[in-house]
Amino acid sequence: MTFYEKQTDPSSPMHWLGDMQADYLYPNGKAGDKLFKHIKENDTFLASKCINCSKIFFPPRLYCEDCFVEILEKDWFEIPSTGKIRLHTIVTINTYGEKLNEPKMIALIDIDNTDGALLGIIKTDNIDENLIGRKVEAVFKSKNQREGTLKDILYFKMR
Ligand SMILES: [Zn+2]
């Protein structure tokens with residue numbers, strides 16, 4: 001099947017092999033920009049709270065995605081950069097498929113006092129240990145090396 005052929009049988013999915021260039025820009029948006037500026041200068045995070053349903057967003061949002069209510073400036077607040085590991089896995093290759101010198105533990109971390117979560121690297125001596133439910137804290141780059149991105153978080157350490 002080629003790219004120009006029309007699909008006529010819905011039970012026979014189309015496919016073709018090849019490379020496709022996919023360049024894109026992903027802007028932070030107003031809320032992301034505010035969070036990253038905060039992270040650049042502080043060792044804490046920001047969250048925002050919907051006054052209608054009380055959901056606490058991390059990363060912070062300008063609008064509640066559940067009830068579409070605008071979240072005003074007064075409903076933004078600082079939170080500690082701490083959380084609890086919901087799940088984790090071990091990564092042995094990079095995004096190019098190349099083997100890493102050392103395996104890394106990557107975790108989904110429920111950020112304390114919010115309804116949000118963040119992916120992060122976990123620094124641990126025993127990478128095979130089950131760390132689900134363990135409390136962690138973000139370790140940031142030194143302030144003069146930060147760029148205002150998530151990469152300013154070096155890793156999460158055990159609390
Ligand atoms: Zn809401």
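**Exercise 1. Which residue in β6 is the bridge partner of Ala-107?** Work out how β5 is paired on the β6 side.

Solution. This is a predicted model, so treat everything below as read from predicted coordinates.
- Start with the two strands: β5 covers residues 99-111, and β6 covers residues 117-122.
- Next, get the direction. β5 and β6 pair in the antiparallel sense, over 6 bridges.
- Now pick out the pair: Ala-107 has Gly-120 as its bridge partner in β6.
- Finish at the turn. The β5 and β6 hairpin has 5 residues between the strands, and Asn-113 takes a positive phi near 60° there.

**Exercise 2. Trace the strands that pair with β4, and find a residue pair for each.**

Solution. Take the β5 side, then the β7 side.
- β4 spans residues 82-93 and runs antiparallel to β5, with 9 bridges joining the two.
- Two pairs help you line them up: Val-91 has Lys-104 as its bridge partner in β5, and Gly-83 stands opposite Ile-111 in β5.
- The connection is a hairpin with 5 residues between β4 and β5, and Gly-97 in the turn has a positive phi of about 85°.
- Over to β7 (residues 135-140): β4 is joined to this strand by 3 bridges, again antiparallel.
- To place the β7 pairing, look for Lys-84, which stands opposite Lys-135.

If you want the general idea behind the exercise, strands of a sheet pair through backbone hydrogen bonds, either parallel or antiparallel.

**Exercise 3. What is the strand order in the open sheet of 3 strands, and which strands are at its edges?**

Solution. Write down the order, then check the pairing.
- The order is β2-β1-β3, with antiparallel pairing.
- The edge strands are β2 (56-57) and β3 (76-80), as each pairs on one side only.
- Look at β1 (residues 44-49) against β3: 5 bridges join them, and they run antiparallel.
- For a landmark, use Leu-46, which stands opposite Glu-78 in β3.

**Exercise 4. Is Pro-80 buried, partly exposed or exposed? Do the same for Lys-99: buried or exposed?**

Solution. Count C-beta atoms, then look at the contacts.
- Pro-80 is found in β3. It is partly exposed because 13 other C-beta atoms lie within 10 Å, and a residue needs 12 or fewer to be called exposed.
- Leaving out neighbours within four places in sequence, Pro-80 is in contact with Thr-44 and Asp-112.
- As a distance check, the C-alpha atoms of Pro-80 and Arg-61 are separated by 17 Å, with their positions 19 residues apart along the chain.
- Lys-99 sits in β5. Lys-99 has 8 other C-beta atoms within 10 Å, so this residue is exposed.
- Setting aside residues up to four places away in sequence, Lys-99 touches Thr-92 and Ile-93.
- Try a distance here too: 44 Å separates the C-alpha atoms of Lys-99 and Ile-71, which are 28 residues apart along the chain.

**Exercise 5. How many residues does the largest nonpolar core have, and which of them have the most contacts inside it?**

Solution. Go from the core to its elements, then to one residue.
- The core has 16 residues, and Ile-109 and Ile-122 have the most contacts inside it.
- Two or more residues come from each of α1 (29-41), β1, β5 and β7.
- β5 gives the most to this core, with 4 residues.
- Now zoom in on Ile-122. Beyond four places in sequence, its contacts include Ile-85, His-88, Met-105, Ala-107, Leu-131, Val-136, Tyr-155 and Phe-156.

**Exercise 6. Describe the overall fold and dimensions of the protein chain.**

Solution. Go from elements to size to contacts.
- The protein chain has 1 helix and 8 strands, in the sequence pattern α-β-β-β-β-β-β-β-β.
- Its C-alpha atoms fill a box of roughly 55 × 45 × 30 Å along the principal axes.
- The radius of gyration is 20 Å, while a compact globule of 159 residues would come in near 15 Å.
- Buried residues make up 19% of the 159 residues.
- Finally, of the contacts with a separation of 6 or more, 49% are between residues 24 or more positions apart.

Technical notes: Residues are numbered from 1 along each chain as its sequence is written. This is a predicted model: local features need pLDDT of at least 70, side-chain atom pairs count only at pLDDT 80 or more; totals for chains, interfaces and linings use all residues. Two strands pair if DSSP finds at least two bridges between them. The radius of gyration is taken over C-alpha atoms; the globule rule is 2.2 Å times the number of residues to the power 0.38. A residue is buried if 20 or more other C-beta atoms lie within 10 Å of its own, exposed if 12 or fewer, and partly exposed in between; C-beta atoms are placed from the backbone. Two residues are in contact if their C-beta atoms, placed from the backbone, lie within 7 Å. A nonpolar core is a set of buried Ala, Val, Leu, Ile, Met, Phe, Trp, Tyr and Cys residues joined through C-beta atoms within 7 Å.
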